[in-house]
Amino acid sequence: MTTAETVPGIVDAHHHVWDLSVRDQDWISGDELAPLRRDFLLDDLAPKAHAAGVTATVLVQTITVPEETPEFLALAARSDLVAGVVGWTDLTAPDVAETLAGLRVGPGGEHLVGIRHQVQGEPDPRWLVRPDVLRGLAAVAEAGLVYDLVMKPHQLATAVEAAERLPDLTFVLDHLGKPPIASGELAPWAQQIRRLAALPNTVCKLSGMVTEADWGAWTIAALTPYADTVLDAFGPGRLMFGSDWPVCRLAATYAEVIAVARELTAGLGPAERHDVFTGTAARTYDLSVTARPATSQETPCV
C-alpha cells in the first residue's frame, strides 16, 4: 500500500467531470443548477489543481449508467492527475462480482479504487441494508475496493447498520453526510455522525460544505461547527479533503474551496494536516501517484 509519506502535494479526493455531448446529466435541472449545464473536462480542472498544489485526484461517478465507469478508467489511464476512480455498478445485479472483476482488468482498471451509488436519491430509506444491496457491498469488499456513501442525514442510520454488518468494507462518507448547514442545525446529524465514526471501517470527506450552506452568503463561521464535528468524531487520520469540483462552483471557486479547508483545519499540527490533505486519501484508496510541480498562479475559474 502507498503510504502518506510517498504522496507529494495535495490529494483532491472528490471531483467530477462530464461531457454533455457524450451523455446528458439529467440531475442538472432547474435555474439554480443552470451554471453546471455545460461541459466540465479534466483539461478545465488540471491547471487549477496544479496551481493549487494538487498533484493527485480521485474522480467520482455522477450518474448510474454502466458506461461511465470504464470511460473514467480510460481517462485516468491517460492522465497524470487522476490517481483513482470511484465508479458505479449495479450492486443488486447477480453478477456484480464478475462486473467488478471485468472493470479491474479493462483499460485503466488499476485506477478503480471504489464504488458509489446515489443513495441520496433512493426513496427507500433502508435501501443500503436491503439483502441484495448488502450482497453487492460484500462483493465490493471482496474486490478490494471501498464504498463511497452519498446520502442525506436521515439516511445515516442505515450507513451505521451497513458498516456494522460489513466490517471488512471501508465506507467513505461524502460531503459530511450533507448536513443542514444553511439552517444552522446540528442535531440529529451530529449524533449520527458520531455513531458512524465510532466504527473503525469508516472515513469521511471534508467536501461539499459550501453547497450545503447559503451559496451566496456562506461564512467560515457557519461552516466551522460542522467541520469541527467531523474532525472530533473521525480524527484527521480518517478525514480527507475533496473539492467537489465543479459542483462547488455554485458557491465558490476551486481556490476558495481549498482555502476554506485550510482555514477550517488551521488548528491542526503539520502531521494532522498532512493526513487531511494527503495521507488519509492515499491510505484509504491505496493511491499510487507521481510528483508534479505546481505553478505559482491559479487560472481563474470560468
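His-175 is buried, with a relative accessible area of 6%; buried here means under 20% relative accessible area, exposed over 50%, and partly exposed in between, using a 1.4 Å probe and protein chains only. The residue lies in the loop between strand E6 and helix H6, where helices (H or I, at least four residues) and strands (E, at least two) are DSSP runs numbered from the N terminus. Its phi is near 55 degrees, a positive value in a residue other than glycine. This is a predicted model, in which local features need pLDDT of at least 70 and side-chain atom pairs count only at pLDDT 80 or more, while totals for chains, interfaces and linings use all residues. Residues are numbered from 1 along each chain as its sequence is written, and side-chain values use heavy atoms, with hydrogens and water left out.

Asp-244 also has a positive phi, of about 60 degrees, although it is not a glycine. Asp-244 is buried as well, with a relative accessible area of 5%, and lies in the loop between E8 and H8. That loop also holds Pro-246, which a cis peptide bond joins to Trp-245, with omega about 0 degrees. A cis bond also runs from Ala-187 to Pro-188, with omega near 0 degrees; Pro-188 is placed in the loop between strand E6 (171-173) and helix H6 (189-197). Most residues other than glycine have a negative phi, and most peptide bonds are trans.

Asp-244 leads on to the pockets. The largest pocket holds about 430 Å³ of space, and Asp-244 is among the residues closest to its centre, together with Trp-27, Gln-120, Lys-178 and Val-247. A pocket is defined on a 1 Å grid over the protein atoms alone, as an open set of points with protein on both sides within 12 Å along at least five of seven lines; a cavity is a set of points where a 1.4 Å probe fits but cannot get out, and lining residues have an atom within 4 Å of a point. Grid points are joined across faces, edges and corners, and a volume is the space filled by probe spheres set on the points. The lining of the largest pocket has seven nonpolar, eight polar and five charged residues; Ala, Val, Leu, Ile, Met, Phe, Trp, Tyr, Cys and Pro count as nonpolar, Asp, Glu, Lys and Arg as charged, and the others, Gly among them, as polar.

The second largest pocket has a volume of about 300 Å³. Of its 16 lining residues, Val-17, Asp-19, Glu-71, Phe-72 and Leu-75 are the closest to the centre. Helix H2 (residues 68-78) gives the most to this lining, with six residues. By class, the lining of the second largest pocket divides into nine nonpolar, two polar and five charged residues.

H2 is also part of what covers the buried residues of helix H1, along with strands E1 (10-15), E2 (54-60) and E3 (82-87) and helix H8 (254-264). Seven of the 10 residues of H1 (residues 42-51) are buried, so this helix is largely enclosed by the rest of the structure. Its buried residues include Leu-42, Leu-45 and Lys-48. Just after H1, Gly-53 takes a positive phi of about 85 degrees.

H8 in turn supplies four residues, the largest share, to the lining of the largest cavity. This cavity has a volume of about 120 Å³, and the residues closest to its centre are Ser-207, Gly-208, Met-209, Val-210 and Val-257. Its lining comprises 10 nonpolar, five polar and one charged residue.

Met-209 appears again in the largest nonpolar core, of 85 residues, as one of those with the most contacts inside it. Such a core is a set of buried Ala, Val, Leu, Ile, Met, Phe, Trp, Tyr and Cys residues joined through side-chain atoms within 4.5 Å. Helix H7 (residues 220-234) provides the largest share of this core, seven residues. Apart from it lies another core, of 15 residues, among them Ala-13, Ala-56, Ala-281 and Leu-287. Leu-128 also ranks among the residues with the most contacts inside the largest core. Beyond neighbours within four places in sequence, its contacts (heavy atoms within 4.5 Å) include Leu-137, Tyr-147 and Leu-149. Leu-149 lies in strand E5 (residues 146-149) and counts as buried because its relative accessibility is 0%.
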